[in-house]
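Visitor: Please give me a close look at one part, the unusual backbone geometry. Then walk me outward from there to the packing and the contacts around it.

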Amino acid sequence: MPGLLKQSIALLRGFLITGRYLFRPPVTVLYPEVKTRVAPRFKGRHWLTRYADGVERCVGCELCVIVCPSQAIYVRAAENTPERQVSKGERHADQFQINMLRCIFCGFCEEACPTGSIVMGQDYELAGYSRASLIYTKPMLTEPYPGASGRDPGREV
Amino acid sequence: MTEAAREEIRRLAGLYEHRQSALIPALFVAQQEAGYLSPAVLESVAEVLELPVTEVTSVASFYGLFYLEPVGRHMVHVCTNLSCMLNGCQRLLSRMQEVMGIQPGETTPDGRFSLRAAECLGACEEAPAVLVDEDRWAAVSPEGVEPMLERYR
Amino acid sequence: MAAEAPRTAVTLMIDGRGITVPKGTTVYQAARSAGVDIPIFCYHDRMPPLGACRMCLVEVQKMSKLQTACTLEASEGMVVSTTSPAVRAAQESMLELLLINHPLDCPICDKGGECPLQDQAFRYGPGRSRFIEAKRDHAKPLSLGPVLALDRERCILCWRCVRFGEIIAGDDALKGFERGFASEVGTPRALPVESKFIGNTIAICPVGALTSRTYRFRARPWDIDPVASTCTYCGVGCSVWLDVRGGEILRTRAREEPEVNDAWLCDLGFFGHGYVAAGDRLTTPLVRREGRLQEASWDEALDLVAERLRASAERGPGRVAFLGGRRLSNEDASAAAGFFRDVVGTPHLDHRVDAPPDGASLGVSWGLRSSLEDLGRGDVFVLVGCDITEEYPVLWLRIKAAIDRGASLVIVHAKRLEIRRHARRELLDRHDRLAPLVAALAADETVASGERVHVLLGRLAMDGPDGPNLLRSADSLVRRVNGTLHIARGRGNDFGAQRFGLLPGEGGMAAPGILQGAAAGAFDLLYVAGSDPATAVTDGAAWESARSGVGFLVVHEAFLSETAQAADVVLPALVLPEKDGTVTNLEGRTLALRAAVKGPGQARADREIFDLLAARMGVVRGHDTATRIEPVARIEPAAAGAGASPSLIVVVADRLFTQGSMAGRCRGLIELAGTAHCLIHPADAARAGVTDLGLVEMVTEHASVVVQARVSDVTLPGQVLVHRGYDGVPVHALARWSPAPAGVEVRPVAPPGGETP
């Protein structure tokens, strides 16, 4: 019965593949105990970066707002004063919010940013228990210190 | 501004169909009297001619021969345009600076001279040319600077 | 006509298309009418062409060089290209040159996103620059007064703003200074700009050189929902865009309406929206309990008012009076008139709260007697006691345009107006001596030779000591020269209030009568909406006694105004930018209001409040009952004021920028209004020992106020000018209603603590 023989060979061949992988180390990892490394240009959570001297890069121009395809960004600008020079030039972002529930991580905001302020980092752990906690505000988005996002604070735009 | 100057400006205004036309001569009258066109003088000219002070100030700022800042008793213009440059106005100007002890655009501490580097004074055939107040000096050499300035106290 | 048409039309080719336009049309206009886009910066269609920016270069066959399309008149057979390689190269070069010194700070600049330079650099620019030298560097921004910021680095010297001041506004507010490379626009020594129309220069600036200080960094064009509405300040009824972001009006812009405001606004309109979002808006009804106004529910407040109205009705008819209307919409006014006439049953309604009993204002209907467009076609304008730039600024722009076409302006006033430079004749005298000047005008050749004479009689004339006489003189003047007499009286929606019946009915009293009646106890209840009589009534004492003579005062208010503070019930009202509806402007035109934002808290529209009250009175009202009542148009002679004239009289005048309940809550306008001051002539000042900018006490028979003195010959000898509209400076207390001018004594007040160097 050539048919039966043919089927048996196919079956054996299948088991052979299974057997081959049985003794290899697995590709899955035990998240969250173990975490994988992401690609260098992975588009994770956003950062508002600073210059090396600590001054914020964002000038509140709202180009990210208009380019965002899911309308996830809200910016309210304000004027710098001699006493409170938040960014370079006359203008800074007084409020900056990104709705992480809406964000589709397309990276357009990073591309549109004329000062190289907004960058997408490596962090992908963005779950939360409430809607409010997923609307990232300016203090959450701004780098705590220059370079905290992993980008060189001395870089050109 | 004195009443005489006001009267002269009114007379000038009467010569033209539009008040604006008398503005430049009026500014010269005012400058001659006050030495320079301070904001108060400009306001007076505007008042007499019934023109907006913005317009009067605008015109005064346009022309190089109207002085909006205090100047010395004598204004020395040294031409630095092409013909004069070819005939050594730079050496002439350096000598002036040396004698007066000031840079172009400045006034001597005793208020005697103000020095300006000027564009063409229209005396290319006699380059390098110098204009002191309303006197034109032709082909001035660096050595001639001191005797020339001696004439103006 | 048909035979003439070929001679007055020319046909030219633009980019291969045949276009026929009237002779005299420029190539730019011809192209635009055919939908061909030519980039421009300096050209503005409300001003003659200039040809300064060189952006509109086009190639014309048989002309050796490129031509500026905005200055080139179209002629028969012309062949124009706007897209040839030479034109493209020129456009790229022009933008490259314009950008030599223009800072590329678009992300910071407020114009970013709505900037012609930005748009055209994208569309026509070369994309890169060969100039690597350092750009011009100026301190930025330069503040030119409370509303205008100048960034000289961004300026491309198109002269639009300068020419606006010269041609449109006639105030020469901004000028060019210096020359060549150093040229810049601005004011002498960067002093605060003196203009009532400077917002327009912000609007027409093709770059971000002139920006608004009140809108600075507040929003981007894509954040904004523009709402088409109408400005409700002065009564001209300019069409506006209210730019809303997040439930707040951030900016007002002019909306083009050739028949009303053309493309312009005054600064009161531009910067007068801040009050809507003021923090002290009333949000709940207030009811007086134990002598204090306390928060209450709508039901409680309305029940109380309805009960009081019914109680009054039981005591007899006509024991309720209504005052106000200026800040109501047409619909509100109609609802108020219907409610008080039909439901309450009283003829005592009047919107003319600020009219004195013996002036000329109560005998005539207010407003223009022709359309604004007709007015603009006049050839002689006579302003009698009408300070047009302070009272109806955008109307002045129409008169200025007529003057430029050859019309004459004649001013009769008690003050040197700021537009006097543009006047053919200026007749000045003390406030109580204006009538003979008007009478003399009939013999004036300028006026007599006019074919379309427009006489605007203003509030200062009508409500002054000689008001009825002035009205009669002006009336006989227009009869003699076959002109038109306009009553330049009323602000806001006074004209809608007048049209929709907020006037005394049969046997009803006018506003001064209502106040006098209230003082005498003729009314149980006084109802005020859309007005603040405590500050608006020109005799402060008359209001005080009216308030104490009336048992119950109900007020609709947006703020706790002086009137509201004295009320028994205060009902929180929406303001006009929060309501849909219509208003009427001073020419009688109906203009649409669109609700731009929601009102605060529980505030309600006046109309709704009247309907709720009517329901409580047992009447259900719909909104189809708006009855239009034609205003009275009669002129009645009245006795002239007699008696000895005091040596120094007080004249209360109107000012555009004030600190009233609306403008006093708008950033920018507060600073423009400055401190309350009086104007005193140098001769009188010397006699009284008053110095410029010193404090003075103005003492009349009835009261005294302390204000800053400005010594100026804007006023005339023998009179002190003081402005109304500054809350906290009760100028209305200075004089009582009287046909005679009010004498005043002016004394310098020593500054506290003596003089300090």
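Guide: Helices and strands here are DSSP runs, numbered from the N terminus; a helix (H or I) takes at least four residues and a strand (E) at least two. The model is a predicted one.

Start in chain A. A:Pro32 sits in a loop of chain A, with α1 (2-22) and β1 (46-48) on either side. The peptide bond that leads into A:Pro32 from A:Tyr31 is cis, and its omega is near 5°. Such a bond deserves a look because most peptide bonds are trans, just as most residues other than glycine have a negative phi.

Chain B has a cis bond too. There, B:Ala127 and B:Pro128 are joined by a cis peptide bond, with omega about -5°. B:Pro128 belongs to the loop between β2 (113-118) and β3 (130-132) of chain B. Move on to the loop between β3 and β4 (135-137) of chain B, and you reach B:Asp133. B:Asp133 is not a glycine, yet its phi is positive, near 50°.

Chain C supplies a positive phi in a turn. β1(C) and β2(C) make a hairpin with two residues between the strands, and C:Asp15 in that turn has a positive phi of about 50°. The two arms are β1, residues 9-14, and β2, residues 17-22, and they pair in the antiparallel sense over six bridges. C:Met13 has C:Gly18 of β2(C) as its bridge partner.

Stay in chain C for another piece of strand pairing. β6, β7 and β10 of chain C form an open sheet of three strands, in the order β6-β7-β10, with antiparallel pairing. β6 (142-143) and β10 (210-212) stand at the edges; each has a single partner strand, so one side of each lacks a neighbour in the sheet. The pairing of β6(C) with β7(C), residues 148-150, is antiparallel and runs over two bridges. In that pairing, C:Ser143 is matched with C:Ala149 of β7(C).

Now place these strands in the domains. Chain C is assigned five: domain 1 (5-98), domain 2 (142-277), domain 3 (286-358 + 494-616), domain 4 (368-488) and domain 5 (649-748). Over C-alpha atoms, the centres of domain 1 and domain 2 of chain C are 29 Å apart. The two domains touch: nine residues of domain 1 of chain C are in contact with 11 residues of domain 2 of chain C. On the domain 1 side, that contact has seven nonpolar residues, one polar and one charged.

Further along chain C, turn to helix packing. Two packed helices are described by the angle and the distance between their axes. The axes of α8(C), residues 298-315, and α22(C), residues 606-616, come within 9 Å and cross at roughly 60°. An angle from 35 to under 65 degrees counts as oblique, and α8(C) and α22(C) are therefore oblique to each other. The crossing of α8(C) past α22(C) is right-handed. From α8(C) come C:Leu302, C:Asp303, C:Val305 and C:Ala306; they meet C:Leu612, C:Leu613 and C:Arg616 of α22(C). By class this contact holds five nonpolar residues, no polar ones and two charged.

Chain B offers a second pair. α1(B), residues 3-14, and α3(B), residues 39-49, have axes that come within 10 Å and cross at roughly 45°. That angle makes α1(B) oblique to α3(B). α1(B) passes α3(B) in a right-handed crossing. B:Arg6, B:Ile9, B:Arg10 and B:Ala13 of α1(B) make the contact with B:Val45, B:Val48 and B:Leu49 of α3(B). Here again the classes are five nonpolar, no polar and two charged.

The domain assignment of chain B gives domain 1 (3-62) and domain 2 (74-150). The C-alpha centres of these two domains of chain B lie 29 Å apart.

Last come the contacts between chains. From chain B, 10 residues are in contact with 11 residues of chain C. Helix α4 of chain B, residues 53-62, gives the most to the chain B side, with seven residues. By class, that side has four nonpolar, four polar and two charged residues. Chain C also touches chain A: eight residues of chain C are in contact with 14 residues of chain A. The chain C side of this contact divides into four nonpolar, one polar and three charged residues.

Notes. Residues are numbered from 1 along each chain as its sequence is written. Chains are lettered from A and ligands numbered from 1 in the order in which they are written. This is a predicted model: local features need pLDDT of at least 70, side-chain atom pairs count only at pLDDT 80 or more; totals for chains, interfaces and linings use all residues. Two strands pair if DSSP finds at least two bridges between them. Domain bounds come from an automatic or database domain assignment. Two residues are in contact if their C-beta atoms, placed from the backbone, lie within 7 Å. Ala, Val, Leu, Ile, Met, Phe, Trp, Tyr, Cys and Pro count as nonpolar, Asp, Glu, Lys and Arg as charged, and the others, Gly among them, as polar. Axes are lines fitted to C-alpha atoms, for helices over the stretch in contact, and angles run from 0 to 180 degrees between N-to-C directions. Angles under 35 degrees count as roughly parallel, over 145 as roughly antiparallel, 65 to 115 as roughly perpendicular and the rest as oblique. A crossing is left-handed if the near helix is turned anticlockwise from the far one by less than a right angle, and right-handed if clockwise.
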